[in-house]
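Where is there empty space in this structure, and what lines it? The paragraphs below take the ligand and its shell, then the open pocket, then the enclosed space.

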Amino acid sequence: MDILVERADGVLTIAFNRPDRKNAITAAMYQAMADALVEAHSDASVRAILIRGSIGIFSAGNDLEDFMKSPAGGENSPVFQFLRGISSAEKPVVASVAGPAVGIGTTLLLHCDLVYAAESATFSLPFTQLGLCPEAASSLLLQRVAGYQGAAEKLLLGEAFDAKEAQRMGFVNRLLPVAEVDAFAKAQALKLAALPASSLRVTKALMKRAAQHEIQTQIAEEAVHFGKMLLAPEAREAFKAFFEKRKPDFRQFD
Ligand code: COA
């Protein structure tokens, strides 16, 4: 199972479990996560959600082979079901990042309520390096937390940055030694699960509701561009280069 879903003590845990591919996310994995979020929503015994990867890797983002084989998205595709689920989750979502978080591995964190990361974790939004554009409303949300120039540097250059910088930017709450981050995040989720669910629900709704329409619009607008760019020669060259373990050559394109 590439996604493990576990329910215990009021916390539903979604764990990436594909370490041989650096927890790269396939359509089947998005579907499993989307289904788990629906289950979390409808099951009153679930009071908090925890998302984690493996020690040493959070997620390498979208599976690039999947991108090459079946780039078509669409509103009901697994990735959009997942994005809708996480961006509109009513229950608190905690993330534990114990290694690199690439692409959607980073952008999904912008929808979480509490994010804990290993001091050694790294983050990257390599969309332009892949001939793509931002997704998951990151073109809106990253500048909300980091300011325009802070977000522009990460989204235009697409270079990886370290956990200290992610914390300074504002989307990581706290840094911990790598061996401690999962346990700490779980303890925080358990604390949330012990609080009155109605209080958490209203508090989160009050903080999130005003931005909700804008976020969903941004996700949809990004998706239109992203879908077209996936089919364009720049992205094809970038994916091919990744698997051929070479640098892409974008000079051939205007
Ligand atoms: N999709 C498909 N396969 C992937 C992948 C992805 N997103 N990320 C890694 N893999 C595969 C590699 O091809 C490699 O396969 P191999 O063993 O057959 O050569 C294996 O997973 C291990 O990856 P590797 O790159 O050797 O690991 P690393 O520890 O040196 O680097 C990452 C880890 C995550 C930094 C690096 O794999 C990476 O940058 N991945 C691509 C991220 C990306 O561009 N994602 C899309 C964002 S939109």
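For the counts that follow, Ala, Val, Leu, Ile, Met, Phe, Trp, Tyr, Cys and Pro are nonpolar, Asp, Glu, Lys and Arg are charged, and the others, Gly among them, are polar. A residue belongs to the shell around the ligand if one of its heavy atoms lies within 4 Å of the ligand. The model is predicted. In it, the shell divides into 8 nonpolar, 2 polar and 5 charged residues.

That shell has 15 residues, and the closest to the ligand are Arg21, Ala60, Asn62, Leu64 and Lys245. Which atoms of Ala60 and of the ligand lie 2.8 Å apart? On the protein side the atom is a backbone N or O of Ala60, and on the ligand side a nitrogen. Two charged residues approach oxygen atoms of the ligand through their side chains: a polar side-chain atom of Arg21 is 3.1 Å from one oxygen atom, and a polar side-chain atom of Lys22 is 3.3 Å from an oxygen atom. Taken on its own, the ligand has 880 Å² of accessible area, of which the protein covers 67%.

The ligand sits in the largest pocket. About 780 Å³ of space lies in this pocket. Its lining consists of 31 residues, and those nearest the centre are Ala60, Leu64, Val102, Leu130 and Phe242. Two elements give two or more residues each to this lining: helix 2, spanning 64–69, and helix 10, spanning 233–243. Helix 10 supplies the largest share, with 4 residues. Ala60 and Leu64 thus appear in two lists: they are among the residues closest to the ligand, and also among those nearest the pocket centre. By class, the pocket lining holds 17 nonpolar, 5 polar and 9 charged residues.

Apart from the pocket, there is enclosed space to consider. A cavity, unlike a pocket, is a set of points where a 1.4 Å probe fits but cannot get out. How many cavities of 30 Å³ or more does the structure hold? There is 1. The largest cavity contains about 50 Å³ of space. Around it are Arg47, Glu90, Lys91, Pro92, Ala197, Leu200 and Arg201. This lining has 3 nonpolar and 4 charged residues, and no polar ones. The charged members are Arg47, Glu90, Lys91 and Arg201, and the nonpolar ones are Pro92, Ala197 and Leu200.

How values were computed. Residues are numbered from 1 along each chain as its sequence is written. This is a predicted model: local features need pLDDT of at least 70, side-chain atom pairs count only at pLDDT 80 or more; totals for chains, interfaces and linings use all residues. Side-chain values use heavy atoms; hydrogens and water are left out. On a 1 Å grid over the protein atoms alone, a cavity is a set of points where a 1.4 Å probe fits but cannot get out, and a pocket is an open set with protein on both sides within 12 Å along at least five of seven lines; lining residues have an atom within 4 Å of a point. Grid points are joined across faces, edges and corners, and a volume is the space filled by probe spheres set on the points. A polar contact is a pair of N or O atoms within 3.5 Å; within protein, one must be able to donate a hydrogen and the other to accept it, and residues adjacent in sequence count only if both atoms are side-chain atoms. Accessible areas come from the Shrake-Rupley method with a 1.4 Å probe; for residues, only the protein chains shown count as cover. A molecule sits in a cavity or pocket if more than half of its atoms lie within 2 Å of its grid points.
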